[in-house]
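Student: Hey, could you walk me through this one? I'm new to it.
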Amino acid sequence: AMQAMEPGSFTLENSPVLHKYVRGKYPTTRIVDMRRHAALPSDRSRLLVSSKELTFELLDQEPPTPMDVLGEEKGWSKDNPPLMRQSMASTRSVEEPGFTVTGGALHVGAPSLGEIGPKYLAGSRDRAKLIGYRPDNLPKFSSSMSETERRKAVGEVIPPLFGVKLQESMHRAIKGERRAQAVMRRIHVVQTLTEPEAEACS
């Protein structure tokens with residue numbers, strides 16, 4: 001459907017499991033670890049497919065952790081950092097990179113393994129912070145959306161901080177392409193000049 005619309009350029013984001021179906025078919029078909037390029041508190045690896053060759057600079061600093069973005073608000077102690085657990089029951093400290101945020105079970109802030117339960121199920125606001133939303137610019141939802149729907153929506157977005165990097169990369173690619181096209185047009189004009197015209201331009 002997208003190709004039928006013949007867009008001038010496009011970029012798609014999807015599950016990494018689809019990589020084998022699109023590998024090599026477009027200028028960019030790669031699985032990107034977004035946390036290597038944007039200051040995200042949680043892991044986020046996704047498939048990017050684009051009609052342009054996209055490049056991303058590596059982050060020049062250590063990205064934040066869940067402790068950094070939620071610790072002060074939650075009153076967590078760095079001397080005894082609490083735990084987080086994702087839907088597959090993997091557990092780690094909040095001082096490590098956060099698990100990939102989805103709409104599924106994600107418990108954050110439990111003092112011990114035995115205390116992980118509904119009390120520590122991360123809400124949509126905390127999940128938004130865990131993918132890089134600023135506290136003063138959290139996503140706004142319709143009042144008709146349930147909390148479950150809001151959690152799912154947060155889990156499906158491209159983290160805003162990486163979205164900026166994506167936009168910058170696409171802009172560089174398009175700008176570079178236009179510059180190359182302009183050079184080729186000039187070369188074509190020069191090649192089609194008659195000898196007298198070329199001498200007049202020199």
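Tutor: Sure, starting with a term: a charge sits over a ring if NZ of Lys or CZ of Arg is within 6 Å of the ring centre and within 35 degrees of the ring normal. Keep in mind that this is a predicted model.

Student: OK, so which ring does the charged end of R92 sit over?
Tutor: That's the ring of F99, with the charged end of R92 3.9 Å from its centre. Both R92 and F99 are also among the contacts of M84, including V94, L106 and V108.

Student: And which residues touch the most other members in the largest nonpolar core?
Tutor: M84 is one of them, along with W76, V94, V101, L106, V108 and L130, in a core of 16 residues. Helix 2, strand 6 and helix 3 each supply at least two residues of that core. Another core, of 10 residues, lies apart from it and includes M34, L40, F162 and L166.

Student: Switching topic: how many aromatic pairs are there?
Tutor: The count is 2. F10 and Y26 are edge-to-face, at 5.4 Å centre to centre and 85° between the planes. F10 comes before strand 1 and Y26 sits in the loop between helix 1 and strand 2, so the pair ties together parts 16 residues apart in sequence.

Student: Is F10 buried or exposed?
Tutor: F10 counts as buried because its relative accessibility is 13%, under the 20% cut-off. Y26, at 24%, counts as partly exposed.

Student: What about the rings of F56 and F162?
Tutor: Their centres are 5.2 Å apart and their planes are at 40°, so that pair is tilted. F56 is in the loop between strand 3 and helix 2, while F162 is in helix 5, so the pair links parts 106 residues apart in sequence.

Notes. Residues numbered from 1 in each chain as written. Predicted model: local features only at pLDDT ≥ 70, side-chain atom pairs only at ≥ 80, totals over all residues. Heavy atoms only, no water. Core = buried A, V, L, I, M, F, W, Y, C linked by side-chain atoms within 4.5 Å. Buried < 20%, exposed > 50% of the residue type's maximum accessible area, 1.4 Å probe, protein only. Helix = DSSP H or I, 4+ residues; strand = E, 2+ residues; numbered from the N terminus. Contact = heavy atoms within 4.5 Å. Phe/Tyr/Trp six-rings, centres within 6.5 Å; stacked < 30°, edge-to-face > 60°. Lists of a residue's contacts leave out its neighbours within four places in sequence.
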